[in-house]
Amino acid sequence: MAEPLRPFRLRGCAGPQKFGVAAGSLRGLLRKGCRLLQLPLPGSRLCLYEDGTELTESYFRALPPQTELVLLGPGESWRGCASDIERLLAAFCSQQGAVVEAARKLLTDERAPHRQKLLADLIHNLSENILAEDKEDDKKWFEGLESRFKNKSSYLRHSCESRMRGYMREVSGFISNVHPAARDAYRGIIDLMADKLKSVKYNGCYFDRREEEEAARLCTAEGWFSCQGPFDKDDCPCKHSINPYSNRESRILFSTWNLDHIIEKKRAVVPELAEAVKTRDGREVNWEYFYQLLFTLDNLKLVHIACHKKTNHNLRCDKTRIYRKRKQTHEIS
């Protein structure tokens with residue numbers, strides 16, 4: 001007795017178009033599907049759309065009507081929804097302009113807030129011009145900036161330098177809290193730090209794509225930055241990431257991220273430096289250790305504003321590194 005026909009939704013792996021096909025057996029469905037999609041019957045097989053499970057006759061009989069299936073020809077494979085995502089990403093790369101234009105047209109008629117956001121985010125991300133570096137290649141990125149900035153790295157270097165200069169001003173401004181007898185020594189350390197900062201161009205190389213060796217410590221060669229907070233956990237729980245080179249909106253958003261001192265600048269590092277100068281008692285203050293804490297990635301991490309903890313970190317300077325032995329000179333008799 002022939003098995004009753006049951007309806008299924010059938011598609012090939014090369015495209016999203018679906019067909020309604022009814023069959024009473026796996027063999028019958030396979031035969032009809034091959035005729036419909038013009039595939040050879042030998043070597044073809046059917047699998048579930050959702051996870052790629054290949055069908056057997058017994059499995060087929062247990063399937064509910066309207067199950068979505070994929071017909072695979074010889075040599076073809078299907079890994080479930082991931083295969084559709086791979087094809088979608090491939091389309092983004094090869095037909096980016098067409099995808100953006102299609103998304104814009106859909107957005108004009110879309111009313112559901114969630115789908116509106118997805119389409120807007122898609123347009124935003126696909127409009128990126130990450131590889132462009134010079135102003136003439138991505139003029140929109142430079143809108144609102146001073147005309148002196150001719151490439152993206154020069155602006156981001158400037159932003160980094162501005163932060164470092166701000167940290168230097170804070171260290172200098174603390175001198176009124178230093179014991180009067182120690183202020184000259186404190187000024188001397190400030191001068192040493194300022195000279196070192198100038199010699200390394202205020203560490204702006206951390207944000208220069210062309211300074212690959214240094215930039216790789218904080219970002220990839222393509223300019224992606226990842227949130228490294230909160231300070232007491234290994235990873236950012238929200239997996240924040242950004243590429244400020246990509247478009248104007250990302251450049252502006254990146255300005256809200258913080259360079260967070262793990263051992264806090266105001267609560268710990270600068271007061272400890274002032275105390276070290278006051279109580280040095282003939283010892284040499286290890287100013288380079290304090291420089292590392294204030295101005296380098298040894299104690300700085302890039303943090304999304306939502307992950308920037310304003311509470312006390314309760315971390316202190318390493319007492320064993322505050323002073324260092326003076327260099328001794330030996331006379332030759």
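# Reasoning from values in a predicted model

Visitor: What makes the contact between Arg-267 and Glu-264 a salt bridge?

Guide: In this predicted model, the side chains of Arg-267 and Glu-264 meet at 2.4 Å, N to O; a salt bridge asks for a side-chain nitrogen of Lys or Arg within 4 Å of a carboxyl oxygen of Asp or Glu, and therefore the pair qualifies. The structure holds eleven salt bridges.

Visitor: Are Arg-267 and Glu-264 buried or partly exposed, and how do you know?

Guide: Buried means under 20% relative accessible area, and partly exposed runs from there up to 50%. Glu-264, at 10%, is therefore buried, whereas Arg-267, at 43%, is partly exposed.

Visitor: Why can the salt bridge between Lys-265 and Glu-170 be said to tie together separate parts of the chain?

Guide: The two side chains meet at 3.6 Å, N to O, which is again within the 4 Å cut-off. Lys-265 belongs to helix α10 (residues 265–278) and Glu-170 to helix α6, so the pair ties together parts that are 95 residues apart in sequence. With 11% relative accessibility Lys-265 counts as buried, while Glu-170, with 31%, counts as partly exposed.

Visitor: What makes Glu-284 and Arg-324 a link between distant parts of the chain?

Guide: Their side chains form a salt bridge at 3.3 Å, N to O, and the pair joins strand β8 (residues 284–285), which holds Glu-284, to strand β10 (residues 323–324), which holds Arg-324, the two residues being 40 apart. Glu-284 has a relative accessible area of 23% and is therefore partly exposed; Arg-324, with 28%, is partly exposed as well.

Visitor: Why is Glu-161 said to have no salt bridge?

Guide: The nearest side chain of opposite charge, that of Arg-165, is 4.6 Å away, and since a salt bridge must lie within 4 Å, the pair does not count, although Glu-161 is buried. Glu-161 is found in helix α6 (residues 152–173), and, leaving aside residues up to four places away in sequence, Glu-161 touches Lys-201, Tyr-202 and Gly-204.

Visitor: How do you know that the charged end of Arg-165 sits over the ring of Tyr-202?

Guide: The charged end of Arg-165 lies 4.0 Å from the centre of that ring, and the definition asks for a charge within 6 Å of the centre and within 35 degrees of the ring normal. By the distance part of that rule, Arg-251 also fits, lying over the face of Tyr-155 at 5.6 Å from the ring centre.

Visitor: Why are Trp-141 and Phe-142 called an edge-to-face pair?

Guide: Ten aromatic pairs are present in the structure. For Trp-141 and Phe-142 the centres are 4.9 Å apart and the planes meet at 65 degrees; because pairing needs centres within 6.5 Å and edge-to-face needs an angle over 60 degrees, both conditions are met. Trp-141 and Phe-142 are both buried, and ring pairs link them with Phe-149 and Tyr-155 into a cluster.

Visitor: What makes Arg-6 buried?

Guide: Arg-6 has 18% relative accessibility, and because the cut-off for buried is under 20%, Arg-6 falls into that class. Arg-6 lies in strand β1 (residues 6–12), and a polar atom of its side chain is 2.3 Å from the backbone oxygen of Leu-63, which lies within the 3.5 Å limit for a polar contact.

Conventions. Residues are numbered from 1 along each chain as its sequence is written. This is a predicted model: local features need pLDDT of at least 70, side-chain atom pairs count only at pLDDT 80 or more; totals for chains, interfaces and linings use all residues. Side-chain values use heavy atoms; hydrogens and water are left out. Helices (H or I, at least four residues) and strands (E, at least two) are DSSP runs, numbered from the N terminus. Buried means under 20% relative accessible area, exposed over 50%, partly exposed in between (1.4 Å probe, protein chains only). Lys and Arg count as positive and Asp and Glu as negative; His and the chain ends are not counted. Contact means heavy atoms within 4.5 Å. A polar contact is a pair of N or O atoms within 3.5 Å; within protein, one must be able to donate a hydrogen and the other to accept it, and residues adjacent in sequence count only if both atoms are side-chain atoms. Rings of Phe, Tyr and Trp (its six-membered ring) pair if their centres lie within 6.5 Å; planes under 30 degrees apart count as stacked, over 60 as edge-to-face and the rest as tilted.
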